[in-house]
Amino acid sequence: MGSESPLKLPVIDFSKLDLKQGTPEWDSIKGQVRQALEDYGCFEALFDKVPLELREAIFGALEELFDLPLQTKLRNASKKPYHGYVGQYPMVPLYESMGIDDANIPQETQSFAGVLWPEGNPSFCKTVQSFSEQLSELDLMIRRMVLESLGVEKYYDEHKESTNYLLRVMKYKGPQTTETKLGLTSHTDKNIMTILYQNQVDGLEVQTKGGEWINVKPSPNSFIVMIGDSLYAWTNGRLHSAHHRVMMTGNEARYSTGLFSIPKAGYMIKAPEELVDEEHPLLFKPFDHVEFLGFYYTEAGQMAESALKTFCGV
C-alpha cells in the first residue's frame, strides 16, 4: 500500500437516523460493526447524540481536574487496579489519569467530586455525568448489535446487567519536542468495550492484525470504539482485541476520555455454548474480570505475551 493512501479505521455513522432494531438501517450498521470488530477490533463512530457544547465542556472539566494539586488528585484512590489516580510513572512520564466509577449515575459523580472539592463542584458533576450517560447509550447499542450479529441476542439483558461503567480521564503532557515520545505503552484493553474521545491533539495508534500501526485522527464529531479482552473471550475469539498505544509530539497537552464497560466482580465471563463448535473450539476457561485484572498487574501478567491466555487459556 503506497504512502499516499495510509491505513485508516472504518468509519460507521450512527447519527443519520434514529436507529431502530429490525430496520434495514439497523441491520446495515450492525453488519458494518461486526466486520470492523472482526478486522480491526475498533472503528470510528459518528454519534451526534452528544451535543457539541457537552463535548467542549468535557475538556474544560478535564483541564480543571488535572490542574488540581497532586496531593488532591491522589485522593482519587481505589482498591481496584487502574481505577484511581495513575501518574508519576518513570516509564510514561507524560501520562496521568483518574477514574470515576459509575460516572453515568449522578450520585457517584457527586461522590467523586466531593473527595476532590469538599465544597462540591456541580458544574463538573453535571458535565461528566451527562457525557457518560449519553455515551453509555452508544455502548449498549453497539453491544446489542454485536450479540445480534452473532445470533446470541438472548444473552443481551444478562450482558447489560453484568457490567457497570468507569470513565477514565487522561492527560498526556506535550513532550516539548518535535521528536515522537511514548505517551502510553502498547496494550489491549481488558474490559468489554471502550469508547474514546479526545481533543484535537493526536497521538492514538492502533495496531492491525498484520502488525502495522495506524495513526488514528478522529474528527471532533467522532468517537473511537474498541473491544477489550473480556468481550474477545466472551465471543470465543470471534472479534479482535487490538493493541493500541499513544505517541506524543509537540507542545500541546492531549486530553482524552474513555468510557469503559466493565464486568462486575463475581460475574464469570464464559463464552456461550452457541459460539463453541468444531470450527471454533473453546479458547478460554470462565474467569472473573477483577481477578484477571489483578493478575495482569503482577510481574507475570506484565511479562506475558498474552495475559489472557496465560491466565485462563484452554
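**Warm-up.** Are Phe14 and Phe43 buried or exposed? Both are buried, and buried means under 20% relative accessible area, exposed over 50%, partly exposed in between (1.4 Å probe, protein chains only).

Some ground rules before going on. This is a predicted model, where local features need pLDDT of at least 70, side-chain atom pairs count only at pLDDT 80 or more, and totals for chains, interfaces and linings use all residues. Residues are numbered from 1 along each chain as its sequence is written, and side-chain values use heavy atoms, with hydrogens and water left out.

**Exercise 1.** Work out how Phe14 and Phe43 are arranged as a pair.

*Solution.* Start with the rule: rings of Phe, Tyr and Trp (its six-membered ring) pair if their centres lie within 6.5 Å; planes under 30 degrees apart count as stacked, over 60 as edge-to-face and the rest as tilted. That rule gives 16 aromatic pairs. In one of them, Phe14 and Phe43 are 6.1 Å apart centre to centre with 25° between the planes, which makes the pair stacked. Next, place the two rings: Phe14 is in the loop between strand 1 (11–13) and helix 1 (24–39), while Phe43 is in strand 2 (residues 42–46), so the pair ties together parts 29 residues apart in sequence. Helices (H or I, at least four residues) and strands (E, at least two) are DSSP runs, numbered from the N terminus.

**Exercise 2.** Now describe the pair Tyr296 and Tyr297.

*Solution.* With 4.9 Å centre to centre and 75° between the planes, this pair is edge-to-face. Then check accessibility: Tyr296 is buried at a relative accessible area of 15%, whereas Tyr297 is partly exposed at 36%.

**Exercise 3.** Find which ring Arg144 lies over.

*Solution.* A charge sits over a ring if NZ of Lys or CZ of Arg is within 6 Å of the ring centre and within 35 degrees of the ring normal. Arg144 lies over the face of Tyr156, 3.8 Å from the ring centre. Arg245 has its charged end over the ring of Trp213, 3.9 Å from the centre.

**Exercise 4.** Trace the seven-stranded sheet and find its edges.

*Solution.* Two strands pair if DSSP finds at least two bridges between them. The sheet is open and mixed, in the order 1-2-9-6-11-4-3. At the edges stand strand 1 and strand 3 (95–101), each with a single partner strand, so one side of each has no neighbour in the sheet. Further in, strand 2 and strand 9 (residues 222–227) pair in the antiparallel sense over five bridges.
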